[in-house]
Amino acid sequence: MSPTDQLFTDGAAYERLMGRWSRRVGDVFLDWIEAPSDRRWLDIGCGTGVFTEQVILGCSPAAVVGLDPSPEQLAFARGRRELTRVEFHVGDAQDLPFSDNSFDIAVMALVIHFVPDPAKAVTEMGRALQPGGTAAAYVWDYTNAGSPTAPLTAAMRAMGLQAPAPPNPQVTSLLALEELWRAAGFEQIGTRAIDISVEFADFEEFWQSMTVPVGPAGKAIAGMPPDGLAQLRSVLEQQMALTADGCIIYEARASAVKGRKKA
Ligand SMILES: C[S@@+](CC[C@H](N)C(=O)[O-])C[C@H]1O[C@@H](n2cnc3c(N)ncnc32)[C@H](O)[C@@H]1O
């Protein structure tokens with residue numbers, strides 16, 4: 001099991017912090033990978049089932065399997081009305097509990113940087129795919145401050161605190177993803193950046209969303225003393241620009257990769 005699985009133990013909090021932004025990237029990503037209908041999908045690190053739901057609703061799959069190390073996130077996913085025909089497994093991307101050639105499409109949505117050995121996970125994707133199958137992923141580009149939580153980590157850094165980060169932020173650039181896919185033997189590799197707009201009605205919504213106890217930043221914040229938390233809020237209030245009507249709007253950037261297993 002991954003040592004990072006304790007970062008994601010609250011499905012509702014995840015939806016508030018990140019699920020809505022993952023969905024926004026997922027729309028563009030699914031158009032880009034041009035998946036045919038009637039295929040067998042594996043959603044690795046499916047968490048609360050945000051992306052799984054997009055596959056079910058938008059891709060007419062033959063079957064969908066979701067895998068995640070967190071039983072709490074999977075419990076949330078199982079509660080989604082649209083996901084009743086999805087088969088969920090507790091498991092690790094580095095050691096998939098499926099036989100060779102079981103799927104046509106394997107995806108990781110915002111997952112690869114949390115896996116302790118990303119190369120092993122990509123090799124596992126290849127093993128589980130049938131020849132000609134597609135392996136694809138998207139992840140916030142931490143090498144370009146692309147995560148929606150980037151303002152939060154910048155504020156923590158400004159306070160002299162260690163900025164919380166996933167275990168492998170270096171694999172989130174387009175180049176790093178391309179190299180991982182190439183090393184795992186995939187062909188017809190493509191990469192692209194996906195930019196989305198992240199919007200909050202006001203500072204309070206931004207603050208409430210950013211400080212939920214989930215993910216690297218949220219877990220670090222949950223451990224902060226009240227005066228540290230008050231200081232963080234004050235730094236962010238100064239740092240975040242408001243629009244004329246009081247909203248907070250900024251860009252987030254994901255890196256995406258796709259490739260095919262040799263036929
Ligand atoms: C940021 S969430 C992404 C969830 C979902 N795919 C989405 O797009 O919203 C990261 C997910 O990766 C999972 N994860 C962490 N380590 C993992 C591993 N070694 N293998 C598979 N999943 C892992 C976490 O439990 C969490 O649900």
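**Briefing: helix α3, its strands and the nonpolar cores**

The cover over the buried residues of helix α3 includes α1, α2, β2 and β3. This is a predicted model. Helix α3 spans residues 71-78 and links β2 to β3 in a right-handed β-α-β unit. The notes below start with this helix, then take the strands, the cores and one residue of β4.

**Helix α3**
- Gln-73, Leu-74, Phe-76 and Ala-77 are buried in α3. These residues span an arc of only 155° around the axis, so they sit on the same side of α3.
- An α-helix has 3.6 residues a turn, so residues three or four places apart point the same way.
- Pro-71 and Ala-75 are exposed, on the face of α3 turned away from its buried side.

**Strands β1, β2 and β3**
- Strand β2 covers residues 63-68, and 5 of its 6 residues are buried, so the rest of the structure largely encloses β2.
- Strand β1 (residues 40-44) pairs with β2 in the parallel sense, over 5 bridges. Ile-44 has Leu-67 of β2 as its bridge partner.
- Strand β3 (residues 87-90) also runs parallel to β2, joined to it by 4 bridges. Here Leu-67 stands opposite His-89 of β3.
- Helix α2 (residues 50-58) forms a right-handed β-α-β unit with β1 and β2.

**Nonpolar cores**
- In soluble globular proteins, nonpolar side chains tend to be buried together.
- The largest nonpolar core holds 66 residues. Ile-44, Ala-106, Val-111, Ala-137 and Tyr-138 touch the most other members.
- Helix α1 (residues 11-33) makes the biggest contribution to this core, with 8 residues.
- Another core, of 10 residues, lies apart from the largest one. Its members include Leu-152, Met-156, Phe-200 and Ile-248.
- Ala-137 touches Val-107, Met-108, Ile-112, Leu-177, Ala-256 and Val-257, with residues up to four places away in sequence not counted.

**Ala-109 in β4**
- Ala-109 belongs to strand β4 (residues 103-109).
- A residue is buried if 20 or more other C-beta atoms lie within 10 Å of its own. Ala-109 has 27 such atoms within 10 Å, so it is buried.
- Outside its neighbours within four places in sequence, Ala-109 contacts Ser-22, Gly-26, Gly-45, Phe-51 and Tyr-138.
- Ala-109 and His-89 are 20 residues apart along the chain, and 16 Å separates their C-alpha atoms.

Notes:
Residues are numbered from 1 along each chain as its sequence is written. This is a predicted model: local features need pLDDT of at least 70, side-chain atom pairs count only at pLDDT 80 or more; totals for chains, interfaces and linings use all residues. A nonpolar core is a set of buried Ala, Val, Leu, Ile, Met, Phe, Trp, Tyr and Cys residues joined through C-beta atoms within 7 Å. A residue is buried if 20 or more other C-beta atoms lie within 10 Å of its own, exposed if 12 or fewer, and partly exposed in between; C-beta atoms are placed from the backbone. Helices (H or I, at least four residues) and strands (E, at least two) are DSSP runs, numbered from the N terminus. Two residues are in contact if their C-beta atoms, placed from the backbone, lie within 7 Å. Two strands pair if DSSP finds at least two bridges between them. A crossover is right-handed if, with the strands pointing away from the viewer, the path from the first strand over the helix to the second runs clockwise. The arc is that of the directions from the helix axis to the C-beta atoms.
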